[in-house]
Every structure is written in structure tokens, then in C-alpha cells.
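Good morning, and thank you for the time on today's agenda. I would like to walk you through one structure, from selected charged pairs to the chain as a whole and then to a single helix.

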Amino acid sequence: MTQWDVFSSKPLEGNSLAVFSDARGLNDGEMQALAREMNLSETTFIFPRDPGIERENGVRVRIFTVQEELPFAGHPTLGTAFALRGESGAREITLDLNAGRVPVRFEETPGQPTFGEMTQIDPTFGIQHDRETVARATGLDADDFDPSLPIETISTGLPFTVAPMRSLAVIQKLRVDLARAAEYLEKTGGKFLYFVARETVDPAARLHARMLFYNGEDPATGSAAGCTAAWMVAHGVAKPDERVLIEQGIEMQRPSRIFVRASRSGNRVVNIGVGGNAIAVMRGEVVL
């Protein structure tokens, strides 16, 4: 087992991920129990297969939170690809997830840490939400939300409801009724809320983000960032094919840097790229 800090090039920042390199022989209950034992946002389990099958279909990986298995999640995908790459210097690693095949391509720049970028599944746009209704469902004030941008549910393998906030001060002071929000999301096709603001701490960032859920707060949410990349291009917050930075995790002292981009093809948003760095911080053995 190794533990990685993802969406950061510095140890003890970003979003932590536990990776089990050979999960053959583990059943679903054991994997869920191990994820609870790790007590991180997610834990991944790799199932090695014949090299020919892996070249054709990708490396089989399953993703668990402390509570459930997910079909897709961003920081586990990126971090597991870094773990699989190791010292090989491979230019690309493809993961075979429950949501489908996700390739991760690596970029090497002299003097810089290795950068990996996953290509997520093309986005599916869900509903746009009424601001007053979302405010009631979250325990927030309608005036807390940015009136110039829509609250919208989008999926690139896992549906997130992107909720733009009026200011950095508002997003930094978020207090959300998670139980009521979860009930609302279940009715409207979202899995989690992803709060964003155009006012940022780092002037180089395009958005400041937070994601609160049943395990507390997530330091970096790559799946939500992919949905947000599509949302940004659809609504003019970013230009097509422009790589921009989303900052997250600052409030919980786990600063994360998530780089995203998306393309346009006619009236469709496609080619969702979500990237960043990852660094190994622990290696160990689990005895069952």
C-alpha cells in the first residue's frame, strides 16, 4: 500500500489517497472496510491482469470512499496513475474504472515535477437549478450565490451540481445543511455540490472551490473539477482549450492546484482535461 498527496507537488498538501497495488483476493466488504480504515476521501484497489488485456482495456481499478464505491473520482484516478507509472517514465497510463476507460497522460518539463492529465468522459449537462430552491436546500441565503452564472448539474462520470458563490468571503464562511442538501440532490440527479467563486486567493487561479460532503471536506475534487471545466467553457468563464487553475483545500490547510481545460465541438463541450501533480508520502503493509 502506498499513500499519495494528489494535486500538489509538495508533501502534506493536496488530497491524500491510499492505493492498494494488488487487490486480488479481496472481497467488496474487505475493500470497503479498508477504505474506512484509511479514512481518506478515497482509497483505490488495483486488480492486475494479463499485460495484453491491460494494453487493450486498461488497468482495472476500483474506487471506494469511507461509505461507498464510486464509478469515477478524479484525484483517485490521477493518483493511481502516478502510482502505476512509478519510475517507468511511461507517457500514458489508462485506467479501467466502473465508469469506463480513462487515460492519464504525463508531461515532463526540465526542472519541474511530473504533470499528469486525465481525459474524462465527455460531459452530460443536467438541469439548471432555481437559486431560491438551492438556498433553502442548503441552509444558505439566495444572495450568497452569484446571480450572473447558473447553478447546474453536470457529469463526466459522477454528477456534481456546480454552485457559483457571490464572493471569496461567502465561500470561505460556508455552513451547509448537508442532510437537506443530500435529499435535494437525490431528487435532482446530483451526487455532490461543488461550490466555486471567481474571486480567488491566488491571482493566477480562475476559481476558488470547496466541496463539503459526508466525510467532512474534500481538499481536491478532480471529478467535480472536470464538470466545472465543462461549465466554465459553456458559460464563458474560460475559453475553449484554455488551461486554467482551480484552487481548493485552502480552508482546511491542504492547498490543492487543479488544472482544467475543455474544448468545443459545435455546440457541444468535449475533451475534458483535468491535471496536476502527485507525490508519494507513505509506503506500508496491511495485515488482515
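I begin with a term: a salt bridge is a side-chain nitrogen of Lys or Arg within 4 Å of a carboxyl oxygen of Asp or Glu. Please keep in mind that the model before you is predicted.

By that criterion, D122 and R268 form a salt bridge, with their closest N and O atoms 3.6 Å apart. The two residues belong to distant parts of the chain: D122 sits in the loop between strand 8 (115–120) and strand 9 (124–129), while R268 is in strand 17 (residues 268–276), and their positions lie 146 residues apart in sequence. D122 has a relative accessible area of 33% and is partly exposed. R268, at 44% relative accessibility, also counts as partly exposed.

A second pair is D146 with R198, where the closest N and O atoms are 3.1 Å apart. This pair again links distant parts of the chain, 52 residues apart. D146 is in the loop between helix 4 (131–138) and strand 10 (151–155), and R198 is in the loop between strand 12 (192–197) and strand 13 (207–213). Are these two partners buried or exposed? D146 counts as buried, at 10% relative accessibility, whereas R198 is partly exposed at 45%. Elsewhere, salt bridges with shared partners join E107, E117, R243 and R261 into one network.

How many salt bridges are there in the whole structure? A search finds 18. One of them brings together the side chains of D28 and R62, at 3.0 Å from N to O. Because D28 lies in helix 1 and R62 in strand 4, this pair ties together parts that are 34 residues apart in sequence. D28 counts as partly exposed at 45% relative accessibility, and R62 counts as buried at 15%.

Let me now turn to the chain as a whole. Its secondary structure comprises 7 helices and 18 strands. For 288 residues, a compact globule would have a radius of gyration near 19 Å, and the 18 Å of this chain agrees with that. Along the principal axes, the C-alpha atoms fill a box of roughly 55 × 40 × 35 Å. Of the 288 residues, 56% are buried. Among contacts between residues at least 6 apart in sequence, 63% join residues at least 24 apart. The accessible surface comes to about 12600 Å², and carbon and sulfur atoms account for 47% of that surface.

I close with helix 1, which spans residues 28–38. Which of its residues are buried? They are M31, Q32, L34, A35 and M38. These buried residues cover an arc of only 160 degrees around the axis, and therefore lie on the same side of helix 1. The general background is that an α-helix has 3.6 residues a turn, so residues three or four places apart point the same way. What does the buried set pack against? Its partners are strand 2 (15–20), strand 3 (42–47), strand 4 (59–64) and strand 5 (69–70).

Both ends of the helix deserve a word. At the start of helix 1, a side-chain oxygen of N27 comes to within 3.1 Å of the backbone nitrogen of G29. Just after helix 1, N39 adopts a positive phi of about 55 degrees.

Note on methods: Residues are numbered from 1 along each chain as its sequence is written. This is a predicted model: local features need pLDDT of at least 70, side-chain atom pairs count only at pLDDT 80 or more; totals for chains, interfaces and linings use all residues. Side-chain values use heavy atoms; hydrogens and water are left out. Buried means under 20% relative accessible area, exposed over 50%, partly exposed in between (1.4 Å probe, protein chains only). Helices (H or I, at least four residues) and strands (E, at least two) are DSSP runs, numbered from the N terminus. The arc is that of the directions from the helix axis to the C-beta atoms. Contact means heavy atoms within 4.5 Å. A polar contact is a pair of N or O atoms within 3.5 Å; within protein, one must be able to donate a hydrogen and the other to accept it, and residues adjacent in sequence count only if both atoms are side-chain atoms. The radius of gyration is taken over C-alpha atoms; the globule rule is 2.2 Å times the number of residues to the power 0.38. Accessible areas come from the Shrake-Rupley method with a 1.4 Å probe; for residues, only the protein chains shown count as cover.
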